[in-house]
Amino acid sequence: MGCCDALLKAILIITNVVVMLAGLLLLIVGGVFMARKFDFFPDIEIDGVDDYSNNINAVLIPIMVVGGILLVFGLIGCLGACTGKSGLLNIYFIMVLIVVIAEVAIIIVAVVKKNDFPGCHGGGSKRTCSGSTRMPTLMVVMPTPKTLRKFTLPQ
């Protein structure tokens, strides 16, 4: 194995370890929020609703799915690079190729059908959305002695 082969193998291993860690992090964060053991943001009020986690499953499930997919991709790529097995590397190549083709297809569809999407069309931050959907307002409630007592440690 030459110098370039060893360098490429090390880059592939490091990249896949980072992808695995990112996938694991997404799974852990999604699981912790899904368990609803803690109220992480007690002072945040969204549209007058005190419980921010009413519809959070719509966000958590895709986060956990993406985390699981990243974990599997990283694991197969890392195992393939470490062992040098061509079967694992071929599976990894096919998975990455499918993801790249899907990304290109989504970009092409978004560019071609950009006028069919409701909401803002261009203008960036210079214009506001004039669509029919109302953006939720975020209001942070100022801390009071009662809410500050929640964060003090018992003595």
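"Buried" here means under 20% relative accessible area. Keep that cut-off in mind, and remember that this is a predicted model.

**Whole chain.** Start with a cartoon view. You should find four helices and two strands, in the order α-β-α-α-β-α along the sequence. Of the 155 residues, 14% are buried. Now switch on the surface: the accessible area is about 12100 Å², and carbon and sulfur atoms account for 72% of it. As for contacts between residues at least 6 apart in sequence, 63% join residues at least 24 apart.

**Helix H2.** Select residues 57-83, which form helix H2. What is buried in H2? Color Leu60, Gly67, Phe73, Gly74, Ile76, Gly77, Cys78, Gly80 and Ala81, and you have the buried set. Show H1 and helix H3 (86-112) next, since the buried residues of H2 pack against both. Try the distance tool too: the end C-alpha atoms of H2 are 38 Å apart, which agrees with the 39 Å that its 27 residues should span at 1.5 Å a residue. Just after H2, click on Gly84, where phi is positive, near 75°.

**Helix H1.** Move on to residues 3-35, helix H1. From first C-alpha to last, the 33 residues of H1 reach 48 Å, close to the 48 Å expected at 1.5 Å a residue. Pick out Asn16, Met20, Gly23 and Gly30, the buried residues of H1. Those residues pack against H2 and H3.

Next, select Val17, Leu21, Leu24, Ile28 and Val32, which make a nonpolar surface patch of about 390 Å². An α-helix has 3.6 residues a turn, so residues three or four places apart point the same way. Zoom in on one member of the patch, Leu24: its relative accessibility is 38%, so Leu24 counts as partly exposed.

**Cysteines.** Finally, show the cysteine side chains. How many disulfides does a search of the whole structure find? Zero. Why is Cys3 without a bond to Cys4? The sulfur of Cys4 is the closest cysteine sulfur to that of Cys3, but at 5.6 Å it is too far for a bond. Is Cys3 buried or exposed? Cys3 counts as exposed, because its relative accessibility is 67%.

Then jump to Cys82, which is in no disulfide either; its nearest cysteine sulfur belongs to Cys78, 4.1 Å away. A disulfide would need the two sulfur atoms within 2.5 Å. With 43% relative accessibility, Cys82 counts as partly exposed, while Cys78 is among the buried residues of H2.

How values were computed:
Residues are numbered from 1 along each chain as its sequence is written. This is a predicted model: local features need pLDDT of at least 70, side-chain atom pairs count only at pLDDT 80 or more; totals for chains, interfaces and linings use all residues. Side-chain values use heavy atoms; hydrogens and water are left out. Buried means under 20% relative accessible area, exposed over 50%, partly exposed in between (1.4 Å probe, protein chains only). Contact means heavy atoms within 4.5 Å. Accessible areas come from the Shrake-Rupley method with a 1.4 Å probe; for residues, only the protein chains shown count as cover. Patches are made of residues with over 30% relative accessible area and no salt bridge: like charges are joined within 9 Å, nonpolar side chains (Val, Leu, Ile, Met, Phe, Trp, Tyr) within 5 Å. A salt bridge is a side-chain nitrogen of Lys or Arg within 4 Å of a carboxyl oxygen of Asp or Glu. The expected span of a helix is 1.5 Å times one less than its number of residues.
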